[in-house]
Amino acid sequence: MITTEQRSKVDKIWLDFHSNGIAIPSDVMEQFNYLVFLRQLDELETRREKRARMVGENYVPKVFVTKEEQDYRWQKLMDMSNTEDRFKLFQEKVFPWLIALNDDEDSAYARYMKKAVFKIPTALAFEIIMRDINDLELKDEDSKGDLYEYMLSKMGAYKINGQFRTPRQIIKMMVAMANPQPTDIIVEQRCLGLIQYWKRCA
């Protein structure tokens, strides 16, 4: 069962996604999954390296194969001090690499990742969300299962409560198109319907 601490961390991740313009729950889950997957790839590689050292073998990388790809590892990204450099590296190198990780076009992974889009909008948002995910406890299968169940339950709650928020970029576009002025009176559509009803009844 997910702990109260873990639950609070997940709630913070959702809030940080929403406050940075990623308001659709399915988008939150998608972007969250990309980053968790990258973190788990690095942890898997690290475990293999440690195991090889313990038995005195030379470790041959299985995921981050080239020297350049070593910089794509989760911990390497976390250790970068410049947020803009980290964001640029992820956008331009790491995410395309993640998409093409399985070159078998018939695989489920390739089909799923074919249309993948990285949507985190700024370097600061990316840093905050990465740190959020880095704080999650993902050591055993049970904790990961509980975590995903809680994430899915949040998606269901948002749908039931009508909390699928309008993305920030669409709000900005609507405001730019409407071009409201300080002297304008703005009435929400549902309120306008009530006003028209009251006028008919008067």
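A salt bridge here is a side-chain nitrogen of Lys or Arg within 4 Å of a carboxyl oxygen of Asp or Glu. With that in hand, welcome to a set of close-up views of a predicted model.

**Figure 1. Lys12, Asp16 and Asp132 are joined in a network of salt bridges.** The view takes in Asp132, a residue of helix H6, which spans residues 123-134. Asp132 has a relative accessibility of 8% and therefore counts as buried. Leaving aside residues up to four places away in sequence, Asp132 is in contact with Lys12, Ile13 and Asp16. Two of these neighbours, Lys12 and Asp16, are also its partners in the network.

**Figure 2. Arg73 and Asp42 form a salt bridge, with 2.6 Å between the closest N and O atoms.** This pair ties together distant parts of the chain, 31 residues apart. Arg73 sits in the loop between H2 and H3, while Asp42 belongs to helix H2. Is this pair buried or exposed? Both Arg73 and Asp42 turn out to be buried.

**Figure 3. Within helix H2, a salt bridge brings together the side chains of Glu45 and Arg48.** The N to O distance is 4.0 Å. The two residues are 3 apart in helix H2, about one turn of the helix. How do their surroundings compare? Glu45 has a relative accessible area of 0%, so this residue is buried. Arg48 is partly exposed, because its relative accessibility is 24%, and the buried class stops at under 20%.

**Figure 4. Arg131 and Glu127 meet through their side chains in a salt bridge of 3.3 Å, N to O.** Both residues lie in helix H6, and because they are 4 residues apart, about one helical turn separates them. Glu127 has a relative accessible area of 17% and so is buried. For Arg131 the value is 35%, which means that this residue is partly exposed. Helix H6 also carries Asp132, the residue shown in Figure 1.

**Figure 5. A patch of positive charge gathers on the surface.** Which residues make up this patch of positive charge? The members are Arg47, Lys50, Arg51, Arg53, Lys62 and Lys139. Lys62 is a good place to zoom in: this residue is found in the loop that runs between helix H2 (25-54) and helix H3 (74-79). With 59% relative accessibility, Lys62 counts as exposed, because the exposed class begins at over 50%.

**Figure 6. Ile170, Met173, Met174 and Met177 make a nonpolar surface patch.** The patch covers about 430 Å². One of its members, Met177, lies in helix H8, made of residues 168-178. Is Met177 buried or exposed? Its relative accessibility is 67%, so Met177 counts as exposed.

**Figure 7. Asn179 and Pro180 are found in the loop between H8 and H9.** Asn179 has a phi near 50°, a positive value in a residue other than glycine. Pro180 is in the loop that leads from H8 to helix H9 (189-201). With a relative accessible area of 35%, Pro180 is partly exposed. Which residues does Pro180 touch, not counting those up to four places away in sequence? The answer is Val175 and Ile186.

**Figure 8. The whole protein chain holds 9 helices and 0 strands.** This last view steps back from the close-ups. Starting at the N terminus, the elements run α-α-α-α-α-α-α-α-α. The chain has 202 residues, and buried ones make up 34% of them. Among contacts between residues at least 6 apart in sequence, 68% join residues at least 24 apart. The chain exposes about 13,400 Å², with carbon and sulfur atoms supplying 55% of that area. How many salt bridges does a search of the whole structure find? The count is 10; among them is the pair of Arg73 and Asp42 from Figure 2.

Technical notes: Residues are numbered from 1 along each chain as its sequence is written. This is a predicted model: local features need pLDDT of at least 70, side-chain atom pairs count only at pLDDT 80 or more; totals for chains, interfaces and linings use all residues. Side-chain values use heavy atoms; hydrogens and water are left out. Patches are made of residues with over 30% relative accessible area and no salt bridge: like charges are joined within 9 Å, nonpolar side chains (Val, Leu, Ile, Met, Phe, Trp, Tyr) within 5 Å. Accessible areas come from the Shrake-Rupley method with a 1.4 Å probe; for residues, only the protein chains shown count as cover. Buried means under 20% relative accessible area, exposed over 50%, partly exposed in between (1.4 Å probe, protein chains only). Lys and Arg count as positive and Asp and Glu as negative; His and the chain ends are not counted. The place of a charge is taken as NZ of Lys, CZ of Arg, CG of Asp or CD of Glu. Contact means heavy atoms within 4.5 Å.
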